[in-house]
Amino acid sequence: MVTPATSESARVRLDKWLWAARFYKTRSKASEAIAGGHVKGGGQRLKAGHAVAIGEQINLTKDGLEWEVVVLALSDKRGKGADAQ
């Protein structure tokens, strides 16, 4: 089960978070999507090393669908699919 980060010092890279949250099968595919401009935050393109914060809104385009995601928890470990939902 994914536990929400309790301290502000907890940081997770965007590419690692997208992989752990199961938006992409591999971290390299997440990095490719970020580099290709398919992942944005606040209307701006983000970098793979961007530190994701709880409450942050991320917009991503994948397979012709546009996702608007609000980060509720941070994790850099890939867990069960049910936990990621």
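**Figure 1. Aspartate 15, a buried residue of helix α1.** At 3% relative accessibility, aspartate 15 falls under the 20% limit and therefore counts as buried in this predicted model. The residue lies in helix α1, which spans residues 14–20. Its side chain is joined to that of arginine 13 by a polar contact of 3.1 Å, and a polar contact of 3.2 Å joins the side chains of aspartate 15 and serine 31. When residues up to four places away in sequence are set aside, aspartate 15 touches Arg27, Ala30, Ser31, Ile34 and Ala48, so that serine 31 appears in this view both as a polar partner and among the residues touched.

**Figure 2. The largest nonpolar core, with the surroundings of tryptophan 17.** The largest nonpolar core comprises 19 residues, and those with the most contacts inside it are Trp17, Leu18 and Val39. Helix α1, helix α2 (27–35) and strand β5 (57–62) each supply at least two residues of this core. Tryptophan 17 touches Val12, Phe23, Val52, Ile58, Val69, Val71, Ala73, Leu74 and Ser75, once residues up to four places away in sequence are left out of the count.

**Figure 3. The aromatic cluster of Trp17, Phe23 and Trp67.** The structure holds two aromatic pairs. In one of them, the rings of tryptophan 17 and phenylalanine 23 have their centres 6.1 Å apart and their planes at 35°, so this pair is classed as tilted. The other, formed by phenylalanine 23 and tryptophan 67, is edge-to-face, with 5.9 Å from centre to centre and 80° between the planes. This edge-to-face pair links distant parts of the chain, since phenylalanine 23 belongs to the loop between α1 and α2, whereas tryptophan 67 belongs to strand β6 (residues 65–70), 44 residues apart. Ring pairs thus link Trp17, Phe23 and Trp67 into a cluster. Tryptophan 17 and phenylalanine 23 are both buried, while tryptophan 67, with a relative accessible area of 40%, is partly exposed.

**Figure 4. Phenylalanine 23 in the loop between α1 and α2.** Phenylalanine 23 is found in the loop that lies between these two helices, and at 14% relative accessibility it counts as buried because the value is under 20%. Not counting residues up to four places away in sequence, phenylalanine 23 touches Trp17, Leu18, Leu60, Lys62, Trp67 and Val69. Of these, leucine 60 is 37 residues from phenylalanine 23 in sequence, and the two are 9.4 Å apart in space, C-alpha to C-alpha.

**Figure 5. Lysine 62 and the ring of tyrosine 24.** The charged end of lysine 62 sits over the ring of tyrosine 24, at 5.0 Å from its centre. Lysine 62 is also one of the residues touched by phenylalanine 23.

**Figure 6. The setting of the close-up views within the whole protein.** The protein has three helices and six strands, and from the N terminus on its elements run β-α-α-β-β-β-β-β-α. Of its 85 residues, 31% count as buried, and the protein exposes about 5,700 Å², of which carbon and sulfur atoms supply 50%. Among the contacts with a separation of 6 or more, 48% are accounted for by residues 24 or more positions apart.

Key:
Residues numbered from 1 in each chain as written. Predicted model: local features only at pLDDT ≥ 70, side-chain atom pairs only at ≥ 80, totals over all residues. Heavy atoms only, no water. Helix = DSSP H or I, 4+ residues; strand = E, 2+ residues; numbered from the N terminus. Buried < 20%, exposed > 50% of the residue type's maximum accessible area, 1.4 Å probe, protein only. Polar contact = N/O pair within 3.5 Å; in protein donor to acceptor, adjacent residues only side chain to side chain. Contact = heavy atoms within 4.5 Å. Core = buried A, V, L, I, M, F, W, Y, C linked by side-chain atoms within 4.5 Å. Areas by Shrake-Rupley, 256 points an atom, 1.4 Å probe, with all protein chains shown as cover. Phe/Tyr/Trp six-rings, centres within 6.5 Å; stacked < 30°, edge-to-face > 60°. Lys NZ or Arg CZ within 6 Å of the ring centre and 35° of its normal.
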